[in-house]
Amino acid sequence: MVIDIQTNLILGATLVGYEAAELVHVFLSLMEAKATWQVLEQSVHIHPTDGEALPSLARLLVGDDMPTCPNM
């Protein structure tokens, strides 16, 4: 995942693996909506899927290691 650290926008992602097709649409939608990584981090992903790991990846990439709960 590529994140602009000044604007927090998700700029892109490289996906490789068996479930890459599942995840590519997540990134396409976020990039089309000009979403920040915080939008991804606060979203609720179904379990069990590879997509549920994306919020943790976003926090890891920007150096925010504090887990947060989505607003419900």
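Is glutamate 41 buried or exposed? Glutamate 41 turns out to be buried, with a relative accessible area of 6%. Buried here means under 20% relative accessible area, exposed means over 50%, and partly exposed is in between (1.4 Å probe, protein chains only). We'll come back to that residue after a look at the whole chain.

A word on the model itself. It is a predicted one, in which local features need pLDDT of at least 70 and side-chain atom pairs count only at pLDDT 80 or more, while totals for chains, interfaces and linings use all residues. Residues are numbered from 1 along each chain as its sequence is written, and side-chain values use heavy atoms, with hydrogens and water left out.

Now for the layout. The protein chain has three helices and two strands, and they come in the order β-β-α-α-α along the sequence. Helices (H or I, at least four residues) and strands (E, at least two) are DSSP runs, numbered from the N terminus. The chain has 72 residues, of which 24% count as buried. Take the contacts (heavy atoms within 4.5 Å) with a separation of 6 or more: 52% of them join residues 24 or more positions apart.

Let's go inside. The largest nonpolar core has 10 residues: Ile3, Ile10, Leu23, Phe27, Leu30, Ala35, Trp37, Leu40, Leu54 and Ala58. Each of α1 (20-32), α2 (37-42) and α3 (54-62) supplies at least two residues of this core, and the largest share, three residues, comes from α1. A nonpolar core, by the way, is a set of buried Ala, Val, Leu, Ile, Met, Phe, Trp, Tyr and Cys residues joined through side-chain atoms within 4.5 Å. In soluble globular proteins, nonpolar side chains tend to be buried together. For a view from one core residue, try isoleucine 3: leaving aside its neighbours within four places in sequence, isoleucine 3 is in contact with Asn8, Leu9, Trp37, Ala58, Leu61 and Val62.

Next, follow α1 from end to end. Its 13 residues should span 18 Å at 1.5 Å a residue, and the end C-alpha atoms are indeed 18 Å apart; the expected span is 1.5 Å times one less than the number of residues. Which residues of α1 are buried? They are Ala20, Leu23, Phe27 and Leu30. These cover an arc of only 90° around the axis, so they sit on the same side of α1. The arc is that of the directions from the helix axis to the C-beta atoms. An α-helix has 3.6 residues a turn, so residues three or four places apart point the same way. On the other side of α1, Ala21, His25 and Glu32 are exposed. As for what covers the buried residues of α1, that includes β2 (10-12), α2 and α3.

Helix α3 can be read in a similar manner. Its buried residues are Leu54, Pro55, Ala58 and Arg59. Seen down the axis, they fall within an arc of 145°, so they line one face of the helix. They pack against β1, α1 and α2. After α3 comes glycine 63, with a positive phi near 80°.

Back to glutamate 41, as promised. Its side chain meets that of arginine 59 in a salt bridge (2.9 Å, N to O). Glutamate 41 belongs to helix α2 and arginine 59 to helix α3, so the pair ties together parts that are 18 residues apart in sequence. The term salt bridge stands for a side-chain nitrogen of Lys or Arg within 4 Å of a carboxyl oxygen of Asp or Glu. A search of the whole structure finds one salt bridge. Arginine 59 counts as buried too, at 12% relative accessibility.

Finally, the loops. Most residues other than glycine have a negative phi, and most peptide bonds are trans. Asparagine 8 is not a glycine, yet its phi is positive, about 70°. It lies in the loop between β1 (2-3) and β2, and its relative accessible area of 21% makes it partly exposed. Threonine 7 is in the loop between β1 and β2 and is partly exposed at 40% relative accessibility. The C-alpha atoms of threonine 7 and alanine 35 are 10.0 Å apart, with their positions 28 residues apart along the chain. Lysine 34, in the loop between α1 and α2, has a positive phi near 55° and counts as exposed at 64% relative accessibility.
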